Amino acid sequence: MRGMTKPAVLAAAPFPPFTMQPLEAAFAVHRLWDGLDDAAAGSIRALATNTLFGRLGAEVMNRLPALEIIANFGVGYDNIDVAAAASRGVMVTNTPGVLDEEVADLTLGLLLSTIRRLPQAERHLRAGLWEQGAFPLSPTLRGRRVGILGLGAIGKAVARRLEGFGVAIAYHGRTRQEGVAYPWYPTALALAEAVDVLVVVVPGGAATAGLVDAAVLRALGPQGVLINVSRGSVVDEVALIAALQQGTILAAGLDVFTREPHVPADLVAQDNAVLLPHVGSGSVATRTAMGQLMIDNLSAWFATGRALTPVAETRHLQR
Ligand code: NAP
Ligand code: 8YV
């Protein structure tokens, strides 16, 4: 781009240095958290944002009359009002493909930690309690039936791993998938009735809000284990806390919460919950790949008018 003006990009969130540096090398980057005057706002052609940054709605887009593209650092884009973007002709991109295996690894780690009570066992040792007695025997993954709620890119990577663990697999999505041999259930409730582990990997947003409710938790049953790596909004957190307190289900492993980074004290107090601070994709290698794909989407857009990984709702805006 020597001799050419670099496109103005607004960073809505502070990205890690391994993303910020190449972003600033390629574009004229403005930082939203430093404030944005009207002249700068008028020059912004792209917005780079982060799944964890918070809701990016019409009010922000309205301030940016030259906005062409919003590039998300993350595959889930429930943080972006895509309808508002599409109605303004603004392209939206996300980061599919580069994080599936990492998130699936974490999901299996969380599942095993939750059922075999690994964090609790480690706390037992560190507290010097082993000298006083063995850690209590745990429940088992053996003989369980695992339901995957959302058999998409990450859900399939989870299923591939579960096959190696020799457990039965079933799934629910809005449609039965051609060429998938696992039993399909038409509702989340029907899936929960058929399994005793539910792994939640659907996208967040209005369509899935509260999909795992008190009835689904009841159907999972007293030996049931809930694993959520999708979005906190998918699970009714109040109903989940009650289910953990009352033994309606056995245990839960959660990487995501309704109001991150806040985690309700009643959830933290539960010994039958394993809680992680949204680290599914959180390795240096995978976050670097996500940042690079976000930047590559912007570069491709400015060079060719076509994004690399547009979200479905704005795919028609490819030039
Ligand atoms: P994906 O490939 O789009 O798969 C999503 C799956 O969910 C599809 O199989 C889809 O099947 C199903 N689904 C969508 N809407 C549904 C609904 N209303 N009811 C039931 N099923 C529905 O997405 P992905 O790449 O696997 O990512 C899934 C989500 O994981 C992301 O959106 C994000 O929220 C989350 N995530 C979390 C982390 C983390 O760090 N914890 C990291 C990455 C992603 P149908 O179309 O047949 O319904
Ligand atoms: C990250 C995610 O936590 O991709 C997603 O949807 O939730 C995660 O990969 C996030 O994007 C990092 O900010």
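For the exercises below, Ala, Val, Leu, Ile, Met, Phe, Trp, Tyr, Cys and Pro count as nonpolar, Asp, Glu, Lys and Arg as charged, and the others, Gly among them, as polar. The structure is a predicted model.

**Exercise 1. The shell of ligand 2**

Determine which residues come nearest to ligand 2, how the shell divides by class, and what polar contacts the ligand makes.

Solution. Begin with the neighbours: there are 13 residues around ligand 2, and Asn50, Val75, Arg231, His278 and Ser281 come nearest. Sorted by class, this shell has five nonpolar, six polar and two charged residues. Next, look for N or O atoms paired with the ligand within 3.5 Å. A polar atom in the side chain of His278 lies 2.8 Å from an oxygen atom of ligand 2, and a backbone N or O atom of Gly76 lies 2.8 Å from an oxygen atom of the ligand. In the side chain of Arg287, an N or O atom is 3.4 Å from an oxygen atom of ligand 2. Finally, consider the cover: ligand 2 on its own has 330 Å² of accessible area, of which the protein covers 94%.

**Exercise 2. The shell of ligand 1**

Carry out the analysis for ligand 1, going from its neighbours to its polar contacts and then to its cover.

Solution. Around ligand 1 there are 27 residues, and those that come nearest are Ala153, Ile154, Arg174, Thr175 and Asp255. The shell divides into 12 nonpolar, 12 polar and three charged residues. Two of these nearest residues take part in polar contacts: a polar backbone atom of Arg174 is 2.7 Å from an oxygen atom of ligand 1, while an N or O atom in the side chain of Thr175 is 2.8 Å from an oxygen atom of the ligand. A polar backbone atom of Leu151 is 3.3 Å from an oxygen atom of ligand 1. The protein covers 84% of the 930 Å² of accessible area that ligand 1 has on its own.

**Exercise 3. Two helix pairs**

Describe how helix 5 packs with helix 7, and how helix 1 packs with helix 12.

Solution. Two packed helices are described by the angle between their axes and the distance between the axes. Take helix 5 (residues 100-116) and helix 7 (residues 153-164), whose axes come within 8 Å and cross at roughly 55°. Angles under 35 degrees count as roughly parallel and those of 65 to 115 as roughly perpendicular, and helix 5 and helix 7 are therefore oblique to each other. Their crossing is right-handed. Now take helix 1 (residues 17-26) and helix 12 (284-304), which pack at an angle of about 20° with their axes 9 Å apart. Helix 1 and helix 12 are therefore roughly parallel to each other, and their crossing is right-handed.

**Exercise 4. Backbone features in loops**

Find where in the chain Arg117, His278 and Pro261 lie, and state what the backbone does there.

Solution. Arg117 lies in the loop between helix 5 and helix 6 (118-126), and its phi is near 55°, a positive value in a residue other than glycine. His278 is found in the loop between strand 11 (273-275) and helix 12, and although it is not a glycine, His278 has a positive phi of about 50°; His278 is also one of the residues nearest to ligand 2. Pro261 belongs to the loop between strand 10 (251-254) and helix 11 (265-268), where the peptide bond from Glu260 to Pro261 is cis, with omega near 5°.

Methods. Residues numbered from 1 in each chain as written. Chains lettered and ligands numbered in written order. Predicted model: local features only at pLDDT ≥ 70, side-chain atom pairs only at ≥ 80, totals over all residues. Heavy atoms only, no water. Near = heavy atom within 4 Å. Polar contact = N/O pair within 3.5 Å; in protein donor to acceptor, adjacent residues only side chain to side chain. Areas by Shrake-Rupley, 256 points an atom, 1.4 Å probe, with all protein chains shown as cover. Axes fitted to C-alpha atoms, helices over the stretch in contact; angles between N-to-C directions. Helix = DSSP H or I, 4+ residues; strand = E, 2+ residues; numbered from the N terminus. Parallel < 35°, antiparallel > 145°, perpendicular 65-115°, else oblique. Left-handed = near helix turned anticlockwise from the far one by under 90°.
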